[in-house]
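Welcome to my notebook. I wrote these entries while finding my way around a new model, and you are welcome to follow along.

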Amino acid sequence: MKEKELLCEVARLYYEQGLTQQDISNRLFISRSSVSRLIKEARETGVVEITIHYPYDRMRILEYEFQNRFHLDDIRISDSENMDEDEDFSAVTKMGASYVNSLLRDDMVLGVTWGKSVSATLKELKPVNYLPRLNVVQMAGSVDASNPSIDGPDIVHSVANKYGSKYRYIPVPLAVENKLIRDSLLNNVNVKETLQLAENANVMVTGIYGISEWSSFLKKEEVKYLKDHGAVGHICGHYYDADGKLLEMPVLDDRTICAGNKIFSDILFRLGIAANPNKATAVLAALRGGLVNALVTNTSTAYEIIRLDDASKGKKKK
């Protein structure tokens, strides 16, 4: 087969038939690296032209407002008007996946947390390139045994499969019974190395969790304790107040297994995904504290965040 014919055949199998790079390698008896090179060449030479028909409209003026108000590095806001709940959520996750995909490179470490928004966003990833040296890492212990598809181990495995990359997961819960158990688990080589890798991630993708969601992994009296001490939000095992200040909570910290709070200063891309106005208080606080420096959300959540921010500053409600 001539080079141009091979180029077109690889492009057809990959883009039209949906075969993986490994499938194409096996079918055409060429190396996987050659397949990757030919896919890239097909785009660069115009054999393949990619047109993106976005399933959402971005609210650019509102995004500009958020960037200026909260000093964000990046912001994506989907127009949720005239959408039902499922369409709205789908638009946010597709937008988030597109943004994550634009960030990832080989030799990077991608840290992920858990939850419906994180899982749905990362399921929408459609990689263009094979990233064998990418490392996908769980950043905190597991939370929801009743639905493993939205928990850390399943998420990192799923993402790694998409990119043909490496992954690390933590086979322990987020919260254990006491400090003695926690310290013992943190001394486990796999847990220790995975959390160290998570703390050195290049990109973090996380949900932002408000008070109503804490009952899935905390006792009722612990939720009350947090509220009494001013906690309004939670990211990756860390609680924070209305100004985004991280709270020291020995009662809970001493039994929580997660990456340390250096993630909020050391990780370059800290992306929060939130598509529910009920999370607005937690998201606003995370933005104020710089806990995330990029956000993907929808207009209903965005307007509620602005309303809360204005109200707290004594501004007239618009």
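**Entry 1: His71**

I began with a single residue, and I kept in mind that this is a predicted model. Is His71 buried or exposed? I looked up its relative accessibility and found 66%, so His71 counts as exposed, the cut-off being over 50%. I then located His71 in the loop between α4 and β1. Its backbone caught my eye too: the phi of His71 is near 55°, which is positive although the residue is not a glycine. I jotted down a reminder here that most residues other than glycine have a negative phi.

**Entry 2: Cys236**

I looked for another residue of this kind and came to Cys236, a non-glycine residue whose phi is positive, near 50°. I found Cys236 in the loop that lies between β7 and β8. Its surroundings needed a separate check: Cys236 has a relative accessible area of 0%, so I noted it as buried.

**Entry 3: the open sheet**

Next I turned to the strands. In what order do the seven strands of the open sheet run? I read the order as β1-β10-β9-β5-β2-β3-β4, with parallel pairing. At the edges I found β1 (74-78) and β4 (166-168); each has a single partner strand, so one side of each has no neighbour in the sheet. I also looked up the twist, which averages 15° from one strand to the next.

I picked one pair for a closer look. Strand β9 (residues 269-273) and β10 run parallel and are joined by three bridges. Following Ile273 across, I reached its bridge partner in β10, Val296.

**Entry 4: α7 and its partner helix**

I wanted to see what α7 lies across. The answer was β2 (109-112), β3 (135-138) and β4, and α7 runs at about 170° to β3.

Then I checked how α7 (residues 152-163) packs with helix α6 (residues 116-123). The angle is about 10° and the axes are 10 Å apart. Angles under 35 degrees count as roughly parallel, so I wrote down α6 and α7 as roughly parallel to each other. The crossing of α6 past α7 is left-handed. On the α6 side, the contact is made by Val118, Ser119, Leu122 and Lys123, while α7 brings Ile155, Val159 and Lys162. Sorted by class, this contact has four nonpolar residues, one polar residue and two charged ones.

**Entry 5: helix α13**

How many of the nine residues of α13 (residues 280-288) are buried? I found seven, so the helix is largely enclosed by the rest of the structure. My list of the buried ones reads Ala280, Ala282, Val283, Leu284, Ala285, Ala286 and Leu287. I also asked what covers them, and the cover includes α4 (60-70), β6 (209-210), β7 (233-235), β8 (238-240), β10 (294-298) and α14 (299-312). Just after α13, I noticed Gly290 with a positive phi of about 70°.

**Entry 6: Asp309**

My last stop was Asp309, which I found in helix α14. Its relative accessibility is 1%, so Asp309 counts as buried. What does Asp309 touch, leaving out residues up to four places away in sequence? I listed Arg69, Phe70, Leu284 and Arg288. Leu284 was already in my notes, as one of the buried residues of α13.

Notes:
Residues are numbered from 1 along each chain as its sequence is written. This is a predicted model: local features need pLDDT of at least 70, side-chain atom pairs count only at pLDDT 80 or more; totals for chains, interfaces and linings use all residues. Side-chain values use heavy atoms; hydrogens and water are left out. Axes are lines fitted to C-alpha atoms, for helices over the stretch in contact, and angles run from 0 to 180 degrees between N-to-C directions. Helices (H or I, at least four residues) and strands (E, at least two) are DSSP runs, numbered from the N terminus. Angles under 35 degrees count as roughly parallel, over 145 as roughly antiparallel, 65 to 115 as roughly perpendicular and the rest as oblique. A crossing is left-handed if the near helix is turned anticlockwise from the far one by less than a right angle, and right-handed if clockwise. Contact means heavy atoms within 4.5 Å. Ala, Val, Leu, Ile, Met, Phe, Trp, Tyr, Cys and Pro count as nonpolar, Asp, Glu, Lys and Arg as charged, and the others, Gly among them, as polar. Buried means under 20% relative accessible area, exposed over 50%, partly exposed in between (1.4 Å probe, protein chains only). Two strands pair if DSSP finds at least two bridges between them.
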